[in-house]
Amino acid sequence: MDQHQHLNKTAESASSEKKKTRRCNGFKMFLAALSFSYIARALGGIIMKMSITQIERRFDISSSLAGLIDGSFEIGNLLVIVFVSYFGSKLHRPKLIGIGCLIMGTGSILTALPHFFMGYYRYSKETNIDPSENSASNLPNCLSNQMLSLNRTPPEIVERGCVKESGSYMWMYVFMGNMLRGIGETPIVPLGLSYMDDFAKEGYSSLYLGILNAIAMIGPIIGFTLGSLFSKMYVDIGSVDLSTVRITPNDSRWVGAWWLNFLVSGLFSIISSIPFFFLPQTPNKPQKERKASLSLPVLETNDGKSQTANLTSRGKNITKNVTGFFRSFKSILTNPLYVVFVLLTVLQISSYIGGFTYVFKYVEQEYGQPSSKTNVLLGIVTLPIFASGMFLGGYIIKKFKLNPIGIAKFSFFTAVMSLFFYLLYFFILCENKSVAGLTMTYDGNNPVTSHRDVPLSYCNSDCNCDESQWEPVCGNNGITYISPCLAGCKSSSGNKKSIVFHNCSCLEVTGLQNRNYSAHLGECPRSDACITKFYFFVAIQVLNLFFSALGGTSYFMLMVKIVQPELKSLALGFHSMVIRALGGILAPIYFGALIDTTCMKWSSNSCGTRGSCRIYNSTLFSKVYLGLSSVLRVSSLVLYIILIYAMKKKFQEKDTNASENGSVMDEANLESLNNNKHFVPSAGADSETHY
C-alpha cells in the first residue's frame, strides 16, 4: 500500500514537473517570438521617421501633408485598437499577433510600391527647358540657366510643358500602406503585454518588459544603419545613368533610395510572424491537447437541438461580452487617476513623436548635416544608451519594489531631467543661413527683415533672372545665392557636379580682396563652430534620451497599477488609442504645419503649383521646433504633480479605511471572545468554534 502511494506521488510529481517545464518552455518561446515582433515593429517605425523628409521631396509635398502620411499609421491602429485589446484577450493571442505581423509586413511593401510606378525623379521642376536646347540667349550680361546644358535635369527625366505629373497623387499609396502597417501592429503591444503579465512569475513583469523594450532597440539600430546606407544611394538607382545626376546628398533636393528601406522592413515583419502560428493559446497546454479540446464540442452537438442550444448560448455570450465591454469602458473613464495619467502622457508623448518626426530635418537645416550622417550618429551612438535606459528603468522598479506612488515619483524625476537637457538645445543654436535674396540683400551687404519680395540689386537687375528657380550656388564670400543668374555670374567652367561659375557681379560688391568672384554648385556649408555645436547636440541628445528611456517602463507599470487587474488589456488599449489619436496623428501634422511657416523658398512644378520646401529660416525653425516641444513637456509635468498628489490622497484614504475596519474587527472579536469564554460546544458541533 505504501509502495503504491509512493508510486502515485512520484507520478504526480513527474507530471507536475513536466507541465511546469512545458509551461516554461512555451512562455520562453512566446517571449522570443514577441522580441522579434518588437524588433520588426520598431524597425518599421524608425524607417518611416527617417524617410519622411525623403518622401516629402520625392512626392513634392509640404511638411504638414508629410505629417499626415506619417500619422496614417496611427489612423490604422486607431481603427481597431480598442476591440483588439478587449476581444483579443479572449481569443488566441499568439495567432492574432502573428496575423498582425503579416499585415504589418504587407503594409510596408505596399508603401514602397509607388516607386516602381512613378516616373523618374525631377529635382529641377521650376523650369521646363530641354537640356538639348543650348541656343543663344538674349542675356549678354549674365549667365542664364537656360544657357547651361549641363545645369539641367538628365534628359530621361525631363518632361516638357505644363502637364499633370504621374506621381501627383502617388503619396496616397504611401498613406494607405502606412495605415495598413498600423492595423497590423495593433495586436503586438496590448495582447503581448497582457499575455506576458498573465503568465510571468510574480514580480518579473517589469523586468521582462524592460528586457523586451531593450531588445526592441535592435530594430532602430538596424533601421538607422540601413537608412544611412540607402540615403546615400540616388532614388532612381539602377534606372538612370548616375553620371548625369549632378546633385549630392548634401543638396536640399536630394532623395535617397527610401523605398529599399520599406522592402527590407516588410520582409522582416513577414518572417517574424511565422513562430506565432505554432504557439499554443496558453503556455501550459500544448497545441495537440488544445485542438482535441476544441474538437470535443463539435462531436457532442450532432443533433439539431444541441446545435440550436449551442448557437443560443453563443449569442448570449456575445451579448454578454458587448455589455461587459461598455461596462468596463465606463469603469476606466470614471477612474480619475487613469484619466490624469492619459492626459499627461498625451502631452509628453506628443512632444516625443512630433520632435522625433522632424529631428532629421531639424539637424539638416540647423547644422547642415546630411541625413546619412545623422542616421549613423543617432543610431549607433544614442540608441544603445536608450536601450540601457529602458532596461535600467525596469530593473530599478523591481530592485527597489516601488509601489504605485514610488513609480509615479520615479517617472516624474526622469521627465524633469529629460526636460532639463532638452532646454540646453536652445544654447547651441547656429546663426541663420546667409542666403542672398532671402536673409540678406542680393549684394550680400545688408540683412533683410523679411524673405518676401526682396528687391533685386544693381548687380543682377539687368539679368532678367527667373526668381522662382532654385539652383543654389555658393560664392567664395560664404554667401549662398538662389541661382547663378541671381549671383550675376557671366561664365562657367567644368561640368556636372564640379561646375564653377566665374565673374559673378554680386560677389564683387561684398568686398572680396582676392578678386576671385566665383561660385560653385550647392549651398554654402556651415561654419566649423556650427559643426562643433552639432556634436554637442548629439552629446546632449544621449543624456536626454537616456532619461526619457529610464522612465519609459514606468509608464506601463504605472498604468496597470492604477486600474483593476481585469481591465489591464482595455486600459492599455484605450491608452494606446488616445496616444495615437491625439499624439501620433495630430502631433506630426501641427508640428509640420508650424514648420511650414518658417519656409523661405518653396519648389514649384511646371504648372506653378507649390511643392516641398527648399530652404527654411533656420533660426525661426529652431525656435518653433524646440519651443513647441518644450511647452508640451512643461504642461505634462504640471499634470504629473496633480497625479502624484491624487495618488497620495487616494492611498492614504485606503490605509485609513483599512485601519478603521481592522479596529472594528478587533473590537468585535474581543467582545465575542468575552461572551463565549464559558461556552462548551455540544456533541457534533464543529470543534473550530471552540475558543
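Modeller: Before we look at two helices together, keep in mind that an axis is a line fitted to C-alpha atoms, and that the angle between two axes runs from 0 to 180 degrees between N-to-C directions. The model in front of us is a predicted one.

Colleague: At what angle do helix H7 and helix H18 pack, and how far apart are their axes?

Modeller: Helix H7, residues 205–216, and helix H18, residues 552–561, pack at an angle of about 140 degrees, and their axes are 10 Å apart. That makes H7 oblique to H18, because an angle must be over 145 degrees to count as roughly antiparallel. The crossing of H7 past H18 is right-handed.

Colleague: Which residues of H7 and H18 meet?

Modeller: A general idea helps here: an α-helix has 3.6 residues a turn, so residues three or four places apart point the same way. In this structure, Ser206, Leu209, Gly210 and Asn213 of H7 meet Thr553, Phe556 and Met557 of H18. Sorted by class, this contact of H7 with H18 has three nonpolar residues, four polar ones and no charged ones.

Colleague: How many of the residues of H18 are buried?

Modeller: Seven of its ten residues are buried, so H18 is largely enclosed by the rest of the structure. The buried residues of H18 include Thr553 and Met557, and these two also take part in the contact with H7.

Colleague: How do H13 and H17 lie relative to each other?

Modeller: H13 and helix H17, residues 528–550, pack at an angle of about 150 degrees, with axes 10 Å apart. H13 and H17 are therefore roughly antiparallel to each other. On the H13 side the contact is made by Val359, Tyr362, Val363, Glu366 and Tyr367, and on the H17 side by Cys530, Lys533, Phe534, Phe537 and Gln541. These residues divide into seven nonpolar, one polar and two charged.

Colleague: How should I read the aromatic pairs, and how many does the structure hold?

Modeller: The structure holds 28 aromatic pairs. In one of them, tyrosine 362 and tyrosine 625 are stacked, with 4.8 Å from centre to centre and 20 degrees between the planes. This pair links distant parts of the chain, for tyrosine 362 belongs to helix H13 (residues 359–367) and tyrosine 625 to helix H20 (residues 618–675), 263 residues apart. Tyrosine 362 is buried, with a relative accessible area of 0%, and tyrosine 625 is buried as well, at 5%. Another pair, phenylalanine 546 with phenylalanine 547, is edge-to-face, at 5.4 Å centre to centre and 80 degrees between the planes. Here phenylalanine 546 is partly exposed at 22%, whereas phenylalanine 547 counts as buried at 14% relative accessibility.

Colleague: Which residues do ring pairs link into a cluster?

Modeller: Ring pairs join Tyr362, Tyr367, Tyr422, Tyr425, Phe534, Tyr535, Phe537, Tyr616, Phe621 and Tyr625 into a cluster. Among these, Tyr362, Tyr367, Phe534 and Phe537 also belong to the contact between H13 and H17.

Colleague: What is the phi of aspartate 60, and what is the phi of asparagine 464?

Modeller: As a general guide, most residues other than glycine have a negative phi. Aspartate 60, however, has a positive phi near 55 degrees, and asparagine 464 also has a positive phi near 55 degrees. Aspartate 60 sits in the loop between H1 and helix H2 and counts as buried at 16% relative accessibility. Asparagine 464 sits in the loop between strand S1 and strand S2 and counts as exposed at 62%.

Note on methods
Residues are numbered from 1 along each chain as its sequence is written. This is a predicted model: local features need pLDDT of at least 70, side-chain atom pairs count only at pLDDT 80 or more; totals for chains, interfaces and linings use all residues. Side-chain values use heavy atoms; hydrogens and water are left out. Helices (H or I, at least four residues) and strands (E, at least two) are DSSP runs, numbered from the N terminus. Angles under 35 degrees count as roughly parallel, over 145 as roughly antiparallel, 65 to 115 as roughly perpendicular and the rest as oblique. A crossing is left-handed if the near helix is turned anticlockwise from the far one by less than a right angle, and right-handed if clockwise. Contact means heavy atoms within 4.5 Å. Ala, Val, Leu, Ile, Met, Phe, Trp, Tyr, Cys and Pro count as nonpolar, Asp, Glu, Lys and Arg as charged, and the others, Gly among them, as polar. Rings of Phe, Tyr and Trp (its six-membered ring) pair if their centres lie within 6.5 Å; planes under 30 degrees apart count as stacked, over 60 as edge-to-face and the rest as tilted. Buried means under 20% relative accessible area, exposed over 50%, partly exposed in between (1.4 Å probe, protein chains only).
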